[in-house]
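Please look over the sequence and the fold shown here, and then read the briefing below, which is written for a first-year student.

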Amino acid sequence: MTEPITRPDMTAVPPKPDTPPAVRDADCAAVLPAASAAKRDRRVLRAVLRWTAAVAVFAVAGSTTAYGVTRMERTDVPGLVTESDGRWTYPTLTAPPLPSGSPGPFDEANKAGAHYADLRALVLPAPEGARLDKALRGTEGWLATDTFLKEYRDAAEHDELRQKLVDHGLRHIAARGWTTEDGTHTRIYLLQFDTAAVVDELRDRHLASYSNPAYAARGTEDTVPDEDFPTAAQIDELVYSVYVEPEPYGAEQVRQAYLGAGDVLAVVLQSREGGAKEVPFQQTVALQGRLLG
């Protein structure tokens with residue numbers, strides 16, 4: 001956004017230009033009568049005043065034009081019209097406060113990579129105009145493990161996945177879901193464990209390999225790495241595994257991401273009939289990463 005420009009005080013008289021060459025009295029006395037010298041002095045004075053007035057007019061006109069352009073909206077200026085790129089409008093994001101004396105998750109002194117802030121306050125809020133998913137509210141903001149397991153396609157594998165979560169010391173799950181006007185359904189789950197090392201081991205060995213997730217998401221037939229996910233949307237301290245359902249994908253397409261963020265494993269899923277769009281998915285993953293980082 002262009003910085004506002006303060007309008008000049010139009011009532012002020014601009015500084016006079018350099019004083020014009022003086023008429024030497026000696027010269028005038030030699031070649032002109034006294035009356036002619038006085039007339040010339042008046043002509044010089046009038047010329048100076050006209051020149052000063054012209055400068056003032058151009059200064060006012062130029063300042064008004066600049067002010068008018070800087071105050072116009074971008075779409076009002078020809079050639080600067082910008083169409084929406086599909087991003088959603090989120091509320092202002094504010095990191096929850098840390099308990100007094102507690103380090104951040106990636107502080108050097110925090111060897112466990114622990115998030116001491118309330119996990120429920122670290123879940124990305126829904127964008128403007130979205131309809132919240134009541135099923136993910138949980139009890140006082142904590143979600144039952146069985147609700148999370150329903151995100152996976154094969155019910156026969158739910159017990160196995162539940163046991164892996166238990167074996168790795170799952171403490172609790174915070175979640176949020178919503179559906180936007182275009183039918184995109186977003187679900188975010190934050191699973192908290194004791195240490196970052198536990199999250200890394202669970203994620204790398206049991207959940208999110210490079211080629212595909214260990215457990216197929218509900219509604220998918222196949223999943224491949226999302227090679228188009230931009231590095232600019234990633235936080236340095238986090239570890240990302242991002243996937244997309246390739247064509248042909250049936251009724252809807254599913255995108256998913258696993259983020260290792262200290263002692264928290266974030267799982268982001270987004271699905272939409274006719275195709276899940278890249279931009280809102282990238283935006284959602286990027287903003288959730290920032291809250292965790």
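What follows describes a sheet, a helix and one arginine.

This is a predicted model, in which local features need pLDDT of at least 70, side-chain atom pairs count only at pLDDT 80 or more, and totals for chains, interfaces and linings use all residues. Residues are numbered from 1 along each chain as its sequence is written, and side-chain values use heavy atoms, with hydrogens and water left out.

**The sheet**
- Seven strands (DSSP runs of E, at least two residues, numbered from the N terminus) form an open sheet with antiparallel pairing in the order E1-E2-E3-E7-E6-E5-E4.
- Strands count as paired if DSSP finds at least two bridges between them, and the edge strands E1 (131-132) and E4 (224-225) each pair on one side only.
- E6 and E7 run antiparallel and are joined by 10 bridges.

**Helix H5**
- In H5 (residues 196-207), a DSSP run of H or I with at least four residues, the buried residues (under 20% relative accessible area, 1.4 Å probe, protein chains only) are Ala-196, Val-199, Leu-202, Arg-203, His-206 and Leu-207.
- Because these buried residues fall within an arc of 155° seen down the axis of H5, measured by directions from the helix axis to the C-beta atoms, they line one face of the helix.- The face turned away from this buried side carries Ala-197 and Arg-205, which are exposed (over 50%).
- The buried residues of H5 pack against H4 (158-167), E5 (239-244), E6 (252-261) and E7 (264-273), where contact means heavy atoms within 4.5 Å.

**Arg-187**
- Arg-187 is found in E3 (residues 185-192) and is buried, with a relative accessible area of 3%.
- The side chain of Arg-187 makes a polar contact (here a pair of N or O atoms within 3.5 Å, one able to donate a hydrogen and the other to accept it) with the side chain of Ser-271, at 3.0 Å.
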